[in-house]
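This report describes selected features of one protein model, to be read alongside the sequence and coordinates. It begins with a helix and then turns to other parts of the chain.

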Amino acid sequence: MSGGTSFSGRDFRDALSSFATGVTIVTARDGAGQPVGMTASSFNSVSVDPPLVLWSVTKTAFSAQAFHDAQHFSIHVLKTTQTDMSGRFAKPGTDKFAGLAVAETQHGVPILPEALARFDCRQWAVYEGGDHWILVGEVLDLELEKGQGLVFSGGSYARAETLQSKAVEESRLGSEHPLESLAFYQLSRAYHAMADRFHHQVLDAGLSLGEWRVLSSLSGPEALGLEELAVRTYIQPYALDDVLAGLQADGLVRFDETSAQGTDKGRARVAGLLELARQNDEASMDSLSEQERAVFKANLQAIRD
Ligand SMILES: Cc1cc2nc3c(=O)[nH]c(=O)nc-3n(C[C@H](O)[C@H](O)[C@H](O)COP(=O)(O)O)c2cc1C
């Protein structure tokens, strides 16, 4: 390469092609009124006000002089379904428009069907750019359709996919550990990560985990049926009586054969722990946004019910 650079032309082109771009076809008319068009990935935005875009054309292209001189041109952004069109307009000099349903703008520029977007431009400026001309166009009109834009990267066509966050990507791919892909395994790991610290605080407060569950379930004013209490506390009905009897002996609950109710003393006993539980809950979801927490809790409920 000229200019004493430390890299080859090949290196330069390879490095440039690592930059993913969209693909466009630029069209215009030459001095004789014949349509010209070429595939170009050098398209880019320049200015919003005034609305300006640019692309660059190699001076050796058959249609280079026509684009240099054309007062109007149109840039078609291609869809993923248009790789054939891209190939057709990347061939030098042939009649690229044969057999296509070509319309034209009010300035006579040939326009191609099915593009994702089209920018109809008036020539704004032409700059020297080494072996290319840099053509800047003022956008006079545009069309935008629905669809996915064709991508060109590393010399190949591609489609763009929205990148997932790292966490979602990892859970999608799974890791080497076969259990990692199972939701219930993740739930159980998450449960321990969230609950272990708090459970120590419960034990430090002189309650068993069963007693904590019973007292917190009965921290409202109303009585609860024993079956419902067994479900909420994961204590088997036959074992529930023993837990309730111990708590009743300490004056923390009252119960009979069908229901149980917390006492003022029982409510006071767990008030501090309930606050600690709330703080622990918040702290363990530190890495989630407010909205993610709400979605997370709603999803847990949906699975649970
Ligand atoms: C994906 C892709 C992008 C291209 N981008 C450009 C470009 O930005 N500028 C350019 O001059 N040529 C570009 N080319 C090459 C031209 O399309 C090619 O040289 C074409 O033959 C020019 O047509 P013409 O010689 O009939 O004028 C690209 C080709 C492909 C496949």
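## Helix H9

The model is predicted. Helix H9 comprises 21 residues, from 264 to 284. The distance from its first C-alpha to its last is 30 Å, close to the 30 Å expected at 1.5 Å a residue. H9 nevertheless contains a kink of about 35 degrees, centred on Ala271.

Four residues are named as the buried residues of H9: Gly266, Arg269, Val270 and Leu273. These buried residues pack against three helices, namely H5 (183-204), H6 (209-217) and H8 (237-249). They also pack against strand S14 (253-255) and strand S15 (259-262).

## An open antiparallel sheet

An open sheet is formed by 3 strands in the order S1-S11-S12, with antiparallel pairing. Strand S1 (21-22) and strand S12 (156-159) each have a single partner strand, so one side of each is left without a neighbour in the sheet.

S1 and strand S11 (residues 150-153) run antiparallel and are joined by 2 bridges. Within this part of the sheet, Gly22 stands opposite Val151 in S11.

## Domain assignment

The domain assignment divides the protein into domain 1, covering residues 9-159, and domain 2, covering residues 167-304. Taken over C-alpha atoms, the centres of domain 1 and domain 2 are separated by 62 Å.

## The surroundings of Thr105

Thr105 is located in the loop between strand S7 (103-104) and strand S8 (110-111). Is this residue buried, exposed or partly exposed? Thr105 counts as partly exposed because it has 17 C-beta neighbours inside 10 Å, whereas a buried residue needs 20 or more and an exposed one has 12 or fewer.

When neighbours within four places in sequence are left aside, Thr105 is in contact with Ser74, Ile111 and Asp120. A further spatial relation links Thr105 with Asp141: the two are 36 residues apart along the chain, and their C-alpha atoms are separated by 9.5 Å.

## The shell around the ligand

There are 19 residues around the ligand, and those that come nearest are Ala40, Ser42, Ala61, Ser63 and Pro92. Two or more residues of the shell are given by each of strand S3 (35-40) and strand S5 (52-58). Which element provides the largest share of the shell? That share, 4 residues, comes from S5.

Technical notes:
Residues numbered from 1 in each chain as written. Predicted model: local features only at pLDDT ≥ 70, side-chain atom pairs only at ≥ 80, totals over all residues. Expected span 1.5 Å × (residues − 1). Bend = angle between axes of the 7 residues up to and from the residue. Contact = placed C-beta atoms within 7 Å. Pairing = 2+ DSSP bridges. Domains from an automatic or database assignment. Near = placed C-beta within 6 Å.
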